[in-house]
Amino acid sequence: MLEQRTADLEREREVTAAQAVALDRVRIARELHDVVAHHVSVMGVQAGAARLVIDQDPAESRRILAGIEGSARDAIHELRQLLETLRTPGGETTDAASTLALDDIEELAQSSTEAGLPTDYAVIGDPVPVPSLVAVNLYRIAQESLTNARRHAGVGATADVRVRYDDDGVEVEIVNTGRSVAQLRPGLGQLGMRERAAASGGTLEVTPRAPGGLRVRARVPLPAGSRRPPAEPRSPR
């Protein structure tokens, strides 16, 4: 009986170790997809714009090329962070190596505008502290949504990013205009967004809009300690 129990425990350890490796591979693949897809997409759009204006407007072309250079530096920086995490025993690929915060989504919206997709940004409600893992995942969801909009929405599309705080949690909503989406096509981008929302204990909705475009809404409940205390009732005078 003791030998059988020892063998069972050994098999359980092997299964647990295999599951941990599989989860790490999924996290690494998700991070690589987000970093590479976003920055390469931005650089591709910017390079195309620079090519169109290089003869008529050299100054604008230089500005766009400077943006491509900046996108390349950002991509290298994020990839180095990921590689450093992988080399660190016990490193967490989605949290410890990243300094991203929800406030950085504003810069993401600005970069989207500079890359050719006019993007508005707003914060609704009073910001509250958000766990770093949640912040990273919501940032990446916004990043992937804007990347997809630039790739698929078409000429003349616009986007709108809203970060909402309420008594129960935080929500990031990305809405874009553009081409009509008759049916959602599942891909690595959507899969990664859903995995990030689930890893944060939240939900994700991806819905086509009429007459065109897409709405992505990620919502995450926050720990009770991070929520705003309810207002104290006023005593009658």
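**View 1. A159, a buried residue in a predicted model.** With a relative accessibility of just 5%, A159 counts as buried, because buried means under 20%. Keep in mind as you look around that this whole model is predicted. A159 sits in strand β2. Leaving out residues up to four places away in sequence, A159 touches L117, P118, T119, D120, L146, V175 and N176. Now find G178: this residue is 19 residues away from A159 along the chain, and the two C-alpha atoms are separated by 9.1 Å.

**View 2. D120, an exposed residue in strand β1.** Is D120 buried or exposed? At 52% relative accessibility, D120 counts as exposed, since the cut-off for that label is over 50%. You'll find D120 in strand β1. The residues D120 touches are A159, D160, V161 and R162, again not counting residues up to four places away in sequence. V175 is 55 residues from D120 along the chain, and their C-alpha atoms are 9.9 Å apart.

**View 3. Strand β2 and its two partners.** Strand β2 covers residues 159-165, and five of its seven residues are buried, so this strand is mostly covered. On one pairing, β2 runs parallel to β1 (residues 119-124), and six bridges join the two. If you'd like one pair to look for, take Y121, whose bridge partner in β2 is V161. On the other pairing, β2 runs antiparallel to β3 (residues 169-176), joined by seven bridges. Here you can look for V163, which has V172 as its bridge partner in β3. V161 turns up in this pairing too, standing opposite I174 of β3. How many residues lie between β2 and β3 in their hairpin? There are three.

**View 4. The five-stranded sheet.** Step back a little and you can follow an open sheet of five strands, in the order β1-β2-β3-β5-β4, with mixed pairing. Which strands are at the edges? They are β1 and β4 (203-208), each of which pairs on one side only. Ignoring direction, neighbouring strands of this sheet are turned by 10 degrees against each other on average.

**View 5. From strand to helix to strand.** Start on β1, follow the chain through helix α4 (residues 132-152) and end on β2: together they make a β-α-β unit, and this one is left-handed. Helix α4 lies across β1, β2, β3, β4 and β5 (214-221). Its direction is at about 10 degrees to β3.

**View 6. Two helices side by side.** Helix α3 (residues 104-114) lies across β1, β2 and β3, and runs at about 165 degrees to β1. Helices α3 and α4 pack at an angle of about 10 degrees, with their axes 10 Å apart. The two helices are therefore roughly parallel to each other, as angles under 35 degrees get that label. On the α3 side, the contact is made by D104, I105, L108, A109 and S112. On the α4 side, look for L138, Y139, A142, Q143, L146 and R150. Sort the residues of this contact by type and you get seven nonpolar, two polar and two charged. L146 may ring a bell, as it's also among the residues that A159 touches.

**View 7. A cis peptide bond in a loop.** Zoom in on the loop between β4 and β5, where P211 lies. Which residue is joined to P211 by a cis peptide bond? A210 is the partner, and omega for this bond is about 5 degrees.

**View 8. The setting for all these close-ups.** Here's the whole protein chain, with its five helices and five strands. Reading from the N terminus on, the elements run α-α-α-β-α-β-β-α-β-β. Of the chain's 237 residues, 35% count as buried, A159 among them. What share of the contacts with a separation of 6 or more comes from residues 24 or more positions apart? In this protein chain the share is 72%.

Conventions:
Residues are numbered from 1 along each chain as its sequence is written. This is a predicted model: local features need pLDDT of at least 70, side-chain atom pairs count only at pLDDT 80 or more; totals for chains, interfaces and linings use all residues. Side-chain values use heavy atoms; hydrogens and water are left out. Buried means under 20% relative accessible area, exposed over 50%, partly exposed in between (1.4 Å probe, protein chains only). Helices (H or I, at least four residues) and strands (E, at least two) are DSSP runs, numbered from the N terminus. Two strands pair if DSSP finds at least two bridges between them. A crossover is right-handed if, with the strands pointing away from the viewer, the path from the first strand over the helix to the second runs clockwise. Axes are lines fitted to C-alpha atoms, for helices over the stretch in contact, and angles run from 0 to 180 degrees between N-to-C directions. Contact means heavy atoms within 4.5 Å. Angles under 35 degrees count as roughly parallel, over 145 as roughly antiparallel, 65 to 115 as roughly perpendicular and the rest as oblique. Ala, Val, Leu, Ile, Met, Phe, Trp, Tyr, Cys and Pro count as nonpolar, Asp, Glu, Lys and Arg as charged, and the others, Gly among them, as polar.
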